[in-house]
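Dear colleague,

Here is the structure we spoke about handing over, with the sequence alongside. Please have it open while you read the notes underneath.

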Amino acid sequence: MTLSLRPRVSKAPPGGTPGISTRRRVRTYPGERALRNTVIIIVAGSLLLLTAYPIGLAFVGSFHYWNPLNGAFDFVGLENYTTLLSSPDFWGSMIRTGFFSAVVIFFRVALGLAIAVAIFSQLTRGKAFFRTIFYMPTVTPLVAVAYVWQMMYNPQTGAINTFLGLDLNWLYDPQLALPSIMAMTIWKDFGYAVILFLAGLHSVPEDALEAASVDGAGAWQRFWRITFPLLAPMTVFVVITSIISYLQAFVQVLVLTKGGPGTATQLISYLIYDKAFVKYDFGYASAAAFVLLIVTALLTLISFRLSVGRKNSLEG
Amino acid sequence: MRTRIASGLLTAVLAILGLATVFPFVWMVLSAFKSNKEINAPEQTFLPASWTLENFLAIEEKFDFIRLFGNSVFLAVVITAIAIYTSALAGFVIAKYQFRGRGLLFGFTVGTMMIPWAVTIIPRYTMFVDAGLQDNYLSLIIPAAISGFGIFMMRQNMHAVPDEVLEAARIDGASEIRIFHRIVLPMSVNSIAALAIFQFLWVWDDYLWPYLMISDNANQVLAVGLTTFAGQYGTDYGGLFAATTISVLPVIVVYILFQRRFVAGVASAAVK
């Protein structure tokens, strides 16, 4: 089991001169060229028009005072970036987003792994049933379930206070609001990790576990010495996809708290939304979005590098 | 004996966690059948004291939910069909043909998954407004027609289609596009099922982009309709429960119908 994000390109020598092809070229099938060119045009065209060009425009726009309401697009140099980087609001949102992502990813992975191992265990009855249940929140629409949670958190009529006998003002208490959104997000997303870890567990070779068992390794040791290292690529996959999606978490904040109370739940993507489509300061919002893009790219790259290094050391 | 106790204990723990997982859904559906008086009463019961349809009837009267529901179904079906077809085709071509720039094309496609929506949504907004596509469903269909995730997932799954099978079809004289339709697509059903649910859900769930593009209330999608409804009738909890139930239940039904294939497809995208 390997995590491959890259197609297996035929083995051309590294740094080989383009043009002088050293690889054996298989013949082109009739109709292949037309099909291939159609795909290249559609995919490359969409990449250029809907991704590359917008990124370029956002980059240029981040150096402008850009307001679509009055049509302004005036060059201001680095002003958006200097305002941004000296704004406590921006830094607060970044730190909050980091905290939010770290906690949610930890619970998503821990809960996902624990439940997957439990479902996988020979002792468990009704595996398919549990799998269906735990995955259900993941396939339901976030906007709708966020409203359900908002009503569950209602201090007077909500299910949480009523059935647990508590009297907490979940979404309006600055200390509790962000953890409340985290809890909802963990509930919504842990099932994805369950399904992926279950798939990973199915590919752990049984004879390795049996051999360890014969050698006297207990269940706990077998898990940490054999199963867990073999699940590492799956864990990396879950962590990387989670980093990317939680750094841009937005809808749950919009529905549950609108960033409040105060700025207690203002995550970076909500801040960008607010600057762009409530205040129509497109330039400032683009600058903030670019910082987010750089942070996302760096964190993804670091997790990827760490995992590759780890894998090499395991194999070496 | 010991294993039987352990088995019972483990199943019980999972059952408790499972109950906690489905609780919000059950509570939502049951509350949708309670009157607002009952929902706001100081004494709460789990089951409705008296079952009523008034919430569903009232939201339909205040707010054209059936219409919005229809809009969302239409868009979700159209976009899902287009995105699955383009993803499967691109996945097939990238996995099975060798051509210069293949790695680059795939690399950039996968790379798009990493880009936060916040970066592209502002320029896309100005682009689509300038192109006069506001209040036109094309503005919702075009950006979703090619999916980086979809292409990634379909390419990962092309190992389910052995080269020998393709070769055999070629020897029989089948054209490449026919091979794609008759062999590749049917052999990719698990991945297609998984991608279908994801894609359907993304369209169903997309909030900000339709909110920016569609201003005509009659053509709005359900996700935006929900927030508008909550904004206007924020204290009508019964109505909101009914509205969220209408929004959540269809997806759960589709999921339960396809879940076996779906789980196989999701897993095979990540394990290879």
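What follows is a summary of what was found, beginning with chain A, moving to its contact with chain B, and ending with a surface patch.

Please keep in mind throughout that this is a predicted model, and that the values below were computed from it.

Chain A is built with 13 helices and two strands, and of its 316 residues, 52% count as buried. When one takes the contacts in chain A between residues at least 6 apart in sequence, 66% of them join residues at least 24 apart. The area that chain A exposes comes to about 15200 Å², with carbon and sulfur atoms supplying 65% of it.

One helix of chain A deserves your attention, namely α12, which spans residues 268–278 and is largely enclosed by the rest of the structure, because ten of its eleven residues are buried. The buried residues of α12(A) include the aromatic residues Y270(A), Y273(A) and F277(A), and also D274(A) and K275(A). After α12(A) comes Y280(A), which has a positive phi, near 55°.

Chain B has a helix of a similar kind to look at: all nine residues of α8 (residues 148–156) of chain B are buried, so this helix is largely enclosed by the rest of the structure. Among the buried residues of α8(B) are F149(B), I151(B), F152(B), M153(B) and M154(B), together with R155(B) and Q156(B).

Turning to the interface, the size of such a contact is often given as the accessible area lost when the parts come together. Chain B and chain A bury about 8600 Å² between them, and 77% of this lies on carbon and sulfur atoms. On the side of chain B that touches chain A, the largest share comes from helix α1 (residues 2–32) of chain B, with 17 residues. The contact as a whole takes 98 residues from chain A and 95 residues from chain B. As for polar features, eight residue pairs are in polar contact between chain B and chain A, counting pairs with both residues at pLDDT 80 or more, while the rule finds zero salt bridges across the interface of the two chains.

Finally, there is a nonpolar surface patch of about 490 Å², to which chain A gives F163(A) and chain B gives V26(B), F46(B), L47(B) and W51(B). Of these residues, W51(B) sits in the loop between α2 (36–39) and α3 (54–62) of chain B, and W51(B) counts as exposed because its relative accessible area is 55%, where exposed means over 50%.

With best wishes

Key:
Residues are numbered from 1 along each chain as its sequence is written. Chains are lettered from A and ligands numbered from 1 in the order in which they are written. This is a predicted model: local features need pLDDT of at least 70, side-chain atom pairs count only at pLDDT 80 or more; totals for chains, interfaces and linings use all residues. Side-chain values use heavy atoms; hydrogens and water are left out. Helices (H or I, at least four residues) and strands (E, at least two) are DSSP runs, numbered from the N terminus. Buried means under 20% relative accessible area, exposed over 50%, partly exposed in between (1.4 Å probe, protein chains only). Contact means heavy atoms within 4.5 Å. Accessible areas come from the Shrake-Rupley method with a 1.4 Å probe; for residues, only the protein chains shown count as cover. Patches are made of residues with over 30% relative accessible area and no salt bridge: like charges are joined within 9 Å, nonpolar side chains (Val, Leu, Ile, Met, Phe, Trp, Tyr) within 5 Å. A salt bridge is a side-chain nitrogen of Lys or Arg within 4 Å of a carboxyl oxygen of Asp or Glu. Buried area is the accessible area (1.4 Å probe) that two parts lose on being put together, summed over both. A polar contact is a pair of N or O atoms within 3.5 Å; within protein, one must be able to donate a hydrogen and the other to accept it, and residues adjacent in sequence count only if both atoms are side-chain atoms.
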